[in-house]
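Q: I'd like a close look at one small part of this model, and then a sense of how the rest is put together. Could you take me through it slowly?
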Amino acid sequence: MNVVKKLMKSIRQFKGVSILSPVFVTVEVALECIIPLYMIEMIEKIKADNSIKNILLYGAILLVLSGVSLIFGVLAGKFAATASTGFAKNLRQDMYYRIQGFAFSNIDKFSAPSLVTRMTTDVSNVQLAYMMIVRVAVRSPIMLVFSLIMAFVINYKVAFIFLAIIPILGIGLFVLFRFVDPIFTRVFKKYDAMNESIQENIKGIRVVKSYVRGDYEENKFQKTSNDVRYDFLKGEKIIAFANPLMQFSIWSSITLICFLVPMFGLKNGVSANPDEASATISAEISSLIVYATQILSSLMMLSMVMIMISMANTSSKRIVEVLSEESDLHSPENAIYEVKNGDVRFEDVDFKYDIKADRRALKGVNLDIKSGETVGIIGGTGSSKTSLVNLIPRLYDATSGHVYVGGLNVKDYDLETLRNQVAVVLQKNVLFSGTIKENLRWGNPDASDEELERVCKLAQAHDFIMGFPDKYDTYIEQGGTNVSGGQKQRLCIARALLKKPKILILDDSTSAVDTKTDALIRKAFAEEIPNTTKFIIAQRVASVQDADKIIVMDGGSIADMGTHEELLSRNAIYQEVYYSQNKTNNDGEVKINGSKN
């Protein structure tokens with residue numbers, strides 16, 4: 001019930017049409033059930049007076065009843081479609097807004113492929129189920145009850161056939177439903193795996209093609225696709241038994257009706273006129289056959305609704321999991337809305353990506369950085385360089401210990417305020433489809449063209465932008481596929497600078513630019529934004545050697561910290577990285593990337 005209540009909140013403005021659909025369905029069913037009963041009356045009247053006038057009169061009444069039923073049926077279908085599509089739209093919107101508020105840890109919990117499946121396949125299943133509920137699930141029981149009542153009105157003795165057939169069909173469909181339910185519950189987990197395979201392949205398509213691993217990826221996808229196919233096929237095979245069971249019930253009912261109606265005679269006794277009795281019996285048989293078809297078809301449709309609801313039940317739970325998920329990060333009740341400066345301090349910080357994990361990503365980190373300092377961070381792959389800086393804008397919370405920005409605990413700040421003052425250029429640079437101007441203005445929607453040019457000059461992006469035919473109005477394809485890796489990195493740096501942050505974090509974000517451009521970017525930072533605290537994560541020593549402090553990370557801990565000269569004289573890790581990237585000439589001088597030092 002909690003799942004239903006949570007979902008119903010997303011109906012909102014579509015409550016009206018959701019109520020109107022069952023109302024029109026009820027009228028439609030009532031008319032459909034009256035028509036067979038009216039047919040008996042019509043046959044008897046025409047038998048008594050078969051004039052053209054009489055035939056046209058009763059024919060017109062029958063036509064009007066059918067037409068009105070059709071109109072109400074069309075309106076019911078229209079309102080059901082409007083209600084279900086509107087409900088699905090609201091669900092996707094609510095899920096999207098909820099996901100936007102998630103912390104990284106929440107997204108890690110669900111995974112991106114799973115969230116995509118929930119917003120597409122799962123919502124589609126719930127949409128279809130909702131449409132069937134407001135129309136078919138209302139229509140079927142009403143049709144069943146109305147048709148059964150009408151059958152008893154026509155001939156109560158023969159109508160007992162339905163009371164015998166209905167339990168047989170109902171039990172059979174219930175058994176099928178019990179077998180199918182766990183299969184459809186299981187299949188959606190396999191949908192996640194299939195979407196993950198697709199997403200991974202699309203993201204890494206260049207790697208796949210360069211290593212000629214297309215066949216391997218095709219086989220991997222085929223396996224996940226076959227897993228989904230196998231479960232659906234198994235479920236559909238079980239559902240297929242419903243049709244012969246339905247046909248058996250209908251034809252058994254028709255056979256018994258045709259046999260018992262003449263045997264039991266008419267409802268009011270056998271007429272003295274054989275022709276009249278024969279006509280009335282034929283009319284009763286025809287009407288009872290119509291009601292038999294309506295009764296058993298409505299039961300069949302009701303079972304299909306139950307199967308669809310079973311599929312949607314799993315989808316509903318998965319949707320509600322997202323809608324009920326609370327972000328792990330919140331702004332405090334009395335939040336602080338001003339970051340005074342770019343001071344950063346870590347006090348005995350430990351961090352785990354999963355609270356249940358045994359391994360700590362960061363261990364006992366203590367750090368004190370003054371506003372305006374440039375801090376280089378270097379270390380091997382997996383040494384938790386990114387994990388360290390992720391705690392500054394509170395993308396994650398420290399498991400233990402405290403992180404301070406501007407002299408205050410990051411947990412005391414309003415999240416939006418803090419992140420507006422901490423600009424991060426992540427390892428995976430992302431540009432969105434749109435012009436260069438539109439992408440840059442993610443940093444500041446109100447930035448002028450002059451401001452755009454200024455930050456692009458700082459990031460050494462202005463020259464290559466001016467080389468494009470449309471300059472700053474050049475259209476960037478989705479993911480930035482029409483610009484090089486270095487150009488993408490520089491645009492992302494410019495976008496971050498547009499925020500005018502007090503703290504700037506560059507997470508290996510100059511790896512794709514040449515050393516000359518890298519040096520120019522660092523020089524521009526030193527001259528143009530001296531009061532901004534700068535964290536530069538890099539693999540190249542040349543990118544950090546001019547920093548005020550260089551942090552050497554190893555296994556989640558700070559192995560050492562100092563200037564370039566200090567670390568070169570005492571730290572083995574730093575020495576190994578430095579000498580592996582530089583050569584010594586015949587005079588014993590160290591050449592850094594080809595130049596003497």
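Which residue does the side chain of K370 meet in a salt bridge, and how far apart are the N and O atoms?

A: Sure, let's start right there, keeping in mind that this is a predicted model. The partner of K370 is D368, and the N to O distance in this salt bridge is 3.9 Å. The cut-off for a salt bridge is 4 Å, so a distance of 3.9 Å makes the list. Now ask how open each end is. K370 has a relative accessibility of 45%, so it counts as partly exposed. D368 comes out at 37%, which makes it partly exposed too.

Let's put that pair in context. By the same rule, the count comes to 21 salt bridges. One of them joins E325 to K109, with the closest N and O atoms 2.9 Å apart. This pair ties together distant parts of the chain, 216 residues apart: K109 belongs to helix α4 (residues 104–110), while E325 sits in the loop between α11 and β1 (344–351). The two ends have quite different surroundings. E325 is buried, because its relative accessibility is just 11%. K109, on the other hand, is exposed, with 57% of relative accessible area.

Another one to look at is R522 with D546, where the N to O distance is 3.4 Å. Here too the pair links distant parts of the chain, 24 residues apart, with R522 in helix α18 (residues 515–528) and D546 in the loop between β10 (533–537) and β11 (549–554). R522 is buried at 18% relative accessible area, whereas D546 is exposed at 60%. Salt bridges can also join up into something bigger than a pair: K437, R441, D449 and D473 are linked in a network of them.

So much for charges; now for the nonpolar side of the story. The largest nonpolar core has 79 residues, and L91, F162, I257 and I319 are those with the most contacts inside it. Several helices give two or more residues to this core, among them α2 (15–48), α3 (52–100), α7 (156–203) and α11 (274–324). The largest share comes from α11, with 17 residues. Zoom in on I319 and skip its neighbours within four places in sequence: it is then in contact with L7, L91, M95, R118, D122, V123 and V126. Notice that L91 turns up again here, as a contact of I319 and as one of the core residues with the most contacts. Apart from this core lies another one, of 43 residues, including A423, V425, A547 and I550.

Finally, zoom all the way out. The protein chain has 20 helices and 15 strands. Its radius of gyration is 36 Å, well over the 25 Å that the globule rule gives for 597 residues, so the chain is more spread out than a compact globule. You can see that in the box its C-alpha atoms fill, roughly 130 × 50 × 45 Å along the principal axes. Even so, buried residues make up 48% of the 597. Among contacts with a separation of 6 or more, 76% are between residues 24 or more positions apart. As for the outside, the chain exposes about 30300 Å², and carbon and sulfur atoms supply 58% of that area.

Technical notes:
Residues numbered from 1 in each chain as written. Predicted model: local features only at pLDDT ≥ 70, side-chain atom pairs only at ≥ 80, totals over all residues. Heavy atoms only, no water. Core = buried A, V, L, I, M, F, W, Y, C linked by side-chain atoms within 4.5 Å. Buried < 20%, exposed > 50% of the residue type's maximum accessible area, 1.4 Å probe, protein only. Helix = DSSP H or I, 4+ residues; strand = E, 2+ residues; numbered from the N terminus. Contact = heavy atoms within 4.5 Å. Rg over C-alpha atoms; globule rule 2.2 N^0.38 Å. Areas by Shrake-Rupley, 256 points an atom, 1.4 Å probe, with all protein chains shown as cover.
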